[in-house]
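Colleague: Here is the model I would like to go through with you. Shall we take it piece by piece?

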Amino acid sequence: MSTDIFSGSYDTTQGRVYTLSGGDWDTVLGSTAGERERIVVNMGPQHPSTHGVLRLILELDGETVTEARCGIGYLHTGIEKNMEYRSWVQGTTYVTRMDYLSPIFNETAYCLAVEKMLGITDQIPDRANTIRVLLMELNRVSSHLVALATGGMELGALTAMTNGFRDRELILDLFEMITGLRMNMAYVRPGGVAVDLPVGAEKKIEETIKLLRTRFKDNFNILVDNPIWTRRTKNIGVLDLTGCMALGITGPVLRSTGLPWDLRKTQPYCGYENYEFNVVTENTSDTYGRFLIRMREMHESLNIVEQALTRLKPGPVMVEDKSIAWPAQLALGSDGLGNSLDHIRKIMGQSMESLIHHFKLVTEGFKVPAGQAYVAIESPRGELGALVISDGGTKPYRVHFRDPSFNNLQAVGPMGEGGQVADLVAAVASIDPVMGGVDR
Amino acid sequence: MSDKEIITTNETPILKDVVKGAFGSSTSAGDTSGFGGLVTTIQATPSAQRPYGSYFDEIADALEKALPSQKVTFEQAIERVVVQVDQLTLMVKKEYLKAVARVLRDDPALRFEMCMGVAGAHWPKEKNRELHAIYPFVSITNNRRVMIEVITSETDPHIPSITDIYPSNNWHERETYDFFGIIFDGHPSLTRIEMPDDWVGYPQRKDYPLGGIPVEYKGAVIPPPDERRSYSG
């Protein structure tokens, strides 16, 4: 055999194994005559159709996938470990980077857990909760738009991709206006949110909703009866209710089996019980059903955003308890969002106690009573659970995120095995895993 | 605090951690307050007493009724019952974890269809009970939640796997093994999942260093996060 390190061969207990990297197929085909052929293809982690740095290890029989396994860990950054060395408030800047397409959900799950342990859940101002709901639903839309965009791209529907990313940009603009950042905002904080909505935000959101509704119609019409799209997605990647239960699958994949399980309805948080919306379900259990669910959920989300806008009443956006509430007032300066000059003037020039308090809270942080809490919210991908453990100190003792992408990727095998490679791509896209959340 | 008043019981408090100084810093550099000699002990949340409140009593009753079908009693299987921040946690002895999990899933009164994975926690100062594994369960039928916590020691880090009862725990157990070195007996393929296969050590244990290098910024040298002046941990 050749001495090429990328295409050698070696003996194993299973027979001779040949490693191929392309271009040398003929030489190997000649030498394997008579041997049992078992082809294992490594797809990813750098592959445009694996939805991020996901590595799929496929055993193939021609075009048919006989066994599919995932290799993950390429985006592991040790966020959970890092948080153990930072204060409770700094934790939000870490969790927001986990599932980077739904940062507001990560922050909210974490903050709800911290607030639960602090025992201040009931003291969170209404306005803060309404802003959280508003941003979460906008975030759900932007996340679903990426799911449709990348899912479309992976199946060759490039217009779905360009449309999806174009429309997502509108929501990212809103995020930038409200939080100062398009992604990874660290905007939701234990006790409320970092800063109130800027002047004119409501009007801008209303305009964007109007525009999005017309755009959704176009996107929907491009795909919904499109013969190529329906043939690529109908009856593809099927996972029935039993399979979902066994594999702990939640979110659009579970709802595509017809089960209306949505934590916003069943175990409400942040005041979701006060909003009117439908839990969207389909009963096809396939990729097409999940596509329809995401499309319709975006409409429901916009309805919730509209209701949230009418519910916004003037008031504080942070708890009153000054031993928890972040002391700084933020303001938008020429170089971005930062401490307001008025606040700095006050603590530096007028009130020494405020300065001490500010310093203590920023450097030392607040203490959280010892204990543990698990809080789950409905992220665009399913149940996002935050398990937070405190030893009574000013830093998290341990934070664990039960990320829906991580759990749902276990369904790749059951969904894809027995189908073709191209169908496996559709199935993975319908799970919509975000590798930042999977690996953390 | 929303926690119910701590009810005094006869049970011996479980020591979880000991911290020193006014801020509980583990590094001596942090505390310049003059209270560096202070020693504070952190104890586990005491056991809850009946009635537990909410739907928790119904879960406990159903377990008491159903566990004998697995040839074990409630008192044998469940070490302690803890109610904190409106959440029920059952501290289950590891030998009976599978019996409890099976009953949680199959008993009509319980019907916890889904296990939301498992998370580890490392308490190095809790002697012979260093490694904790926490399993959240959710019941779709009854719209309820319960948590199970299993404790084992560093010297014998074995806990039975529940992947045959809840297949969804496959990856979660691999992750907990990867980061904490808890060995889930009976898992079909307990290998590392996030870290490379040849990695040495269990990164999320407390005695595993965070790592990092000092960084110079505008003339000042900033030490890595785990070597900075700290106020806790």
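**Helix, sheet and interface**

Modeller: Helix H4 of chain A covers residues 103–118, 16 in number, and reaches 23 Å from its first C-alpha to its last, close to the 22 Å expected at 1.5 Å a residue (1.5 Å times one less than the number of residues; helices are DSSP runs of H or I, at least four residues, and strands are runs of E, at least two, numbered from the N terminus). The model is predicted: local features need pLDDT of at least 70, side-chain atom pairs count only at pLDDT 80 or more, and totals for chains, interfaces and linings use all residues. Residues are numbered from 1 along each chain as its sequence is written, while chains are lettered from A and ligands numbered from 1 in the order written.

Colleague: How many residues of H4(A) are buried?

Modeller: Buried means 20 or more other C-beta atoms, placed from the backbone, within 10 Å of a residue's own. H4(A) is mostly covered, and its buried residues number 16 of 16.

Colleague: Which strands are the edges of the sheet E10-E11-E12 of chain A?

Modeller: The sheet is open, with three strands in antiparallel pairing (two strands pair if DSSP finds at least two bridges between them). Those pairing on one side only are E10 (371–379) and E12 (398–402) of chain A.

Colleague: Which element gives the most to the side of chain A that touches chain B?

Modeller: In all, 41 residues of chain A are in contact with 39 of chain B (C-beta atoms, placed from the backbone, within 7 Å). H4, E10 and E12 of chain A are among the elements that each supply at least two residues to that side. The most, four residues, comes from E11(A).

Key. Buried ≥ 20, exposed ≤ 12 C-beta atoms within 10 Å, placed from the backbone. Contact = placed C-beta atoms within 7 Å.
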